[in-house]
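User: Please take a close look at a single part of this model, one helix contact and what lies beside it. Give cut-offs for the terms.

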Amino acid sequence: MTTTERALLTESVHATLREQIFAGELPPGTPLSVPALAAKLNVSRTPVREAVQRLINEGIAVYTRNAGAKVDTVDDETIRAVFEVREVLDGLAAYQATLRATRQHLTDLSAMVGDQRALLTEQPDQRRDARLDLEFHTAIREIAGNKPLSEALTRLDGQAHLYRSDMWTYDDNRRIAVDEHQRILAAIRSGDAAGARTAACAHVAGLLVRTRRR
């Protein structure tokens, strides 16, 4: 196997494990045994070992001596801290994206929000709706063009996904999120960088409250 082929396989294994963790198929506390996962995924141990190490680096998994790696656990206090940092950084991303956004970027963001609004007439799908929310924010971060900022937010996103919440199963939460996305987009479109930052910060702050609501 070439170096490129091994890297692609590691990427595939990492994406699979990450998706299974976020979907709850590998819930918090689940051991990430390299031999067991390699057998389950029908691959060699090396790409699994590298993928698990990436999960540890991303804050999605933890390693302890004598116990090995396992899916991390996020409690109420941790999720509050995660969202507080994300609020600041996503606000900065929206600010910077406003200054860099092209007409094509605006068209793409508008299409995303339009798709999200159209889906409000359908039944909630927690995995789909959470993914669409993340795709919108990821697009803004990419427009901002700040790699350290984007990498920090990717780590925070991973940790947030470990928190078990039924937020996306409620129609009012879905509708509120789309309205907040629309406000962020409107500020970016008008060139109001400060307004985009304010709207993004408010959105993330609201997500925290709704995520923890029982």
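Analyst: The crossing of helix 4 and helix 6 is left-handed, meaning that the near helix is turned anticlockwise from the far one by less than a right angle. This is a predicted model, in which local features need pLDDT of at least 70, side-chain atom pairs count only at pLDDT 80 or more, and totals for chains, interfaces and linings use all residues. Residues are numbered from 1 along each chain as its sequence is written, and side-chain values use heavy atoms, without hydrogens and water.

Helix 4 spans residues 76-100 and helix 6 residues 126-144; helices are DSSP runs (H or I, at least four residues) numbered from the N terminus. Their axes lie 7 Å apart at an angle of about 55 degrees, with axes fitted to C-alpha atoms over the stretch in contact and angles running from 0 to 180 degrees between N-to-C directions. The pair is therefore oblique (under 35 degrees is roughly parallel, over 145 roughly antiparallel, 65 to 115 roughly perpendicular, the rest oblique).

In the contact (heavy atoms within 4.5 Å), helix 4 residues including Arg 86, Asp 90 and Arg 100 meet helix 6 residues including Asp 133, His 137 and Arg 141. The contact residues divide into six nonpolar, two polar and five charged (Ala, Val, Leu, Ile, Met, Phe, Trp, Tyr, Cys and Pro are nonpolar; Asp, Glu, Lys and Arg charged; the others, Gly among them, polar).

Asp 133 also lines the largest cavity, as do Asp 129 and Leu 132 (on a 1 Å grid over the protein atoms alone, a cavity is a set of points where a 1.4 Å probe fits but cannot get out; lining residues have an atom within 4 Å of a point). Helix 8 gives the most to that lining, with four residues.

Terms used:
Helix = DSSP H or I, 4+ residues; strand = E, 2+ residues; numbered from the N terminus. 1 Å grid on protein atoms, 1.4 Å probe; cavity = no way out; pocket = protein on both sides within 12 Å on 5 of 7 lines; lining within 4 Å.
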